[in-house]
Amino acid sequence: MKYSKPVLNSKVKITDKFWKEKAEIVRTEVIPYQWNALNDKIENAEPSYSIRNLRLAAECIEKRKKGINTSTFPTNEWHYTPNRKNENSFYGWIFQDSDLYKWLEAVSYSLRNTADNQLETLADEAIELICNAQAENGYINSFYTINNPEKAFTNLRDHHELYCFGHLAEAAVAYYNTTGKSRLLNAACRFADLLCEEFGENGKPGYGGHEIAEMALIKLYEATSEEKYLNLAKLFIDRRGTKPYYFDIEHNQNSGSKLNYFYNQAHLPVREQREAAGHAVRAVYLYSGMADTARYTDDKELFNTCQTIFNDITERKMYITGGIGSTKDGEAFTFAYDLPNDLVYSETCASIGLVFFARRMLQADYDSKYADIMERCFYNSILSGMAEDGKSFFYVNPLEVNPKACKEDSRKSHIKPVRQKWFDCACCPPNLARIISDYGEYCFTETESTLFVNLYQGTKLETDKADIEIVSDYLQSGKVSFKIKTKRPFKIALRVPYWSSNFKFNRENPFIKKGYAYFDIENDAEITAEFNPEIKMMKCNSNVRENIGKIAVTRGPIVYCLEEKDNGKNLHLLRLSKHPKFIFDGEFLTANGYKEEIVSKKLYFEYKEPSEKAVRLKFIPYYQWANRGENEMSVYIRY
């Protein structure tokens, strides 16, 4: 199977004001803020215990090397709160190590964008701490190292050891690629070697309950060329969902029932799965690893399964913002077209995982639909997860919010009307930091003969094919220009965005295939593209019951929403006019509409034509909502 590879972030210099500002906020605000959070120094925020646990784990390792026995503590829970009787035990969630690993990965990408000696020194200190917490056999996991090393690998279903390994490996590869320093990479490889011994062909037939090890092993394979890492990733995927269920074996059960394992995507062998199921983050992490493995092993059956699942997500189970996972019960996918706006889960990490999946699919199948999904997520459900100042975050990204309901209706208690400083289960903030810092690496992919432009923004790009300067007014006018200084003949393939129904290039009759316009470049050249973003009123499939008679407003890749701050209380009483006369002021939209007047205090009364008053509605980009305090919000409006 032929495939493309991403152009490394180190070759991509973002000059675009929009994304450069986002990356700079992450560098100057989010990364330092999150370091303080990992060290439990944020006032009135949930403590992380991440650094505290690794320090304690390192102390345990040192004592055992000297022959000193250490205390053991319970290992049968997911979350451990401070207890004076057990002050030397593990605190927090069992996967707490992963937050530091994601922070390190974000630092790695940030250092590619902007050199920062002080930040690099801090990262080196964190890496030294991690390596000091590594056991002699290569094992790294502060939970079991502190509480009871003898229990390691006894509960793969619930206890996230392979998940933590995955984030460790991804951070190690990122830091090595950026700095050339191999300290953490060597530690990750030692851990991976242990996993190969424990779970290789002759080991336990296990696999992780929370996926990510699969795609992380592929990254280690890419960095080291060690075939055993690719082989283990394939083993984890091939074993998943086969009978007898491994999770039954390790828990001494005999359920034999796939109903127990939808949550973990382990209900069926992966090649028999036809729709996205279970915990949404786990799912897209698995599908990403499947796409990677299919590409490297030329497994067409596995890749076809990935295509089927990708289409199921994007055509039947995805919000217009790119959010996925419609229920808080299991933070999961449900059934086709079940997309409630006010009960939604739509975890930030799930949208990030969907971008991971989409890019890996794009590397094997040069179809713009995958890059379209990346763009939809980046500009909407991902950016909404972080405040504009980088100091607070959403775990859940709803499409409709009534603050009163969030506080008084337990079904909606997971939805917060304002971003939070931190979370005790804090997977989303460092995940945001790493993907925003790494944005440049999603913009371009390449084969030997072709450079694919997947996302548009001002950029200076260096490849072995050409040096390219991109000047972009993509979000405003839709115009993008390319100045190409050629090093050798090649093709450039420009994505035609899904929202652009009226586009043109300064070169006539390009060859267009699967949403990419191909141009032959033999000498220095200039190409201009005009994608003409239009304001559109978007309708859901009629099977989405919550949105019958409603529309969402978009312009280019941006989904817009209404907020109480601009439109008053009771957004559900608003209606868009049949003649809205939209005006775009460069950032916001205004339109003609009506607000229904409440004419009776009775709960029920005979129907009469509603009394309405004309209003001028204001729409803001969805990702900007809740930056002005607590208030109502709605993406959809009656029409």
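**Packing around helix H16 and aromatic contacts in the predicted model**

The buried residues of H16 pack against six helices, namely helix H1 (17-38), helix H3 (97-113), helix H6 (161-179), H11, H13 and helix H14 (368-382). The model in which this arrangement appears is predicted. In H16, 10 of the 10 residues are buried, so the helix is largely enclosed by the rest of the structure. The residues concerned are Cys428, Pro429, Pro430, Asn431, Leu432, Ala433, Arg434, Ile435, Ile436 and Ser437.

Asparagine 431 illustrates the setting of this helix, which spans residues 428-437. Its relative accessibility is 0%, and asparagine 431 therefore counts as buried. Within H16, the asparagine 431 side chain is joined to that of arginine 434 by a polar contact of 2.5 Å. When neighbours within four places in sequence are left aside, asparagine 431 is in contact with Lys102, Tyr285, Cys349 and Ile352.

At the level of the whole protein, 17 helices and 24 strands are present. For 639 residues, a compact globule would have a radius of gyration near 26 Å, and the value of 25 Å found for the protein agrees with this. Along the principal axes, the C-alpha atoms fill a box of roughly 80 × 75 × 50 Å. Of the 639 residues, 59% are buried. Among contacts with a separation of 6 or more, 71% are accounted for by residues 24 or more positions apart. The protein exposes about 26300 Å², of which carbon and sulfur atoms supply 46%.

Aromatic rings were examined next. A pair of aromatic rings is described by the distance of the centres and the angle of the planes. A search of the whole structure yields 47 aromatic pairs. In one of them, the ring centres of phenylalanine 18 and tryptophan 19 are 5.3 Å apart and the planes stand at 75 degrees, so the pair is edge-to-face. Phenylalanine 18 and tryptophan 19 are both buried. Another pair, tyrosine 287 with phenylalanine 357, is tilted, with 5.6 Å from centre to centre and 50 degrees between the planes. This pair links distant parts of the chain, since tyrosine 287 belongs to helix H11 (residues 280-297) and phenylalanine 357 to helix H13 (residues 348-364), 70 residues apart. Tyrosine 287 counts as buried because its relative accessibility is 0%, and phenylalanine 357, also at 0%, counts as buried. Elsewhere, Tyr456, Tyr474, Phe482, Trp499, Phe503, Phe505, Phe519 and Phe531 form one aromatic cluster.

Rings also take part in arrangements with charged side chains. The charged end of lysine 22 sits over the ring of phenylalanine 18, at 5.0 Å from the ring centre. In a further case, lysine 618 lies over the face of phenylalanine 588, with 4.4 Å to the centre of the ring.

The loop between H13 and H14 contains aspartate 365. With a relative accessible area of 7%, aspartate 365 is buried; the cut-off for this class is under 20%. The side chain of aspartate 365 makes a polar contact of 3.2 Å with that of glutamine 307 and one of 3.0 Å with that of tyrosine 370. Apart from neighbours within four places in sequence, the residues in contact with aspartate 365 are Phe303, Gln307, Tyr370 and Lys514.

How values were computed:
Residues numbered from 1 in each chain as written. Heavy atoms only, no water. Helix = DSSP H or I, 4+ residues; strand = E, 2+ residues; numbered from the N terminus. Buried < 20%, exposed > 50% of the residue type's maximum accessible area, 1.4 Å probe, protein only. Polar contact = N/O pair within 3.5 Å; in protein donor to acceptor, adjacent residues only side chain to side chain. Contact = heavy atoms within 4.5 Å. Phe/Tyr/Trp six-rings, centres within 6.5 Å; stacked < 30°, edge-to-face > 60°. Lys NZ or Arg CZ within 6 Å of the ring centre and 35° of its normal. Rg over C-alpha atoms; globule rule 2.2 N^0.38 Å. Areas by Shrake-Rupley, 256 points an atom, 1.4 Å probe, with all protein chains shown as cover.
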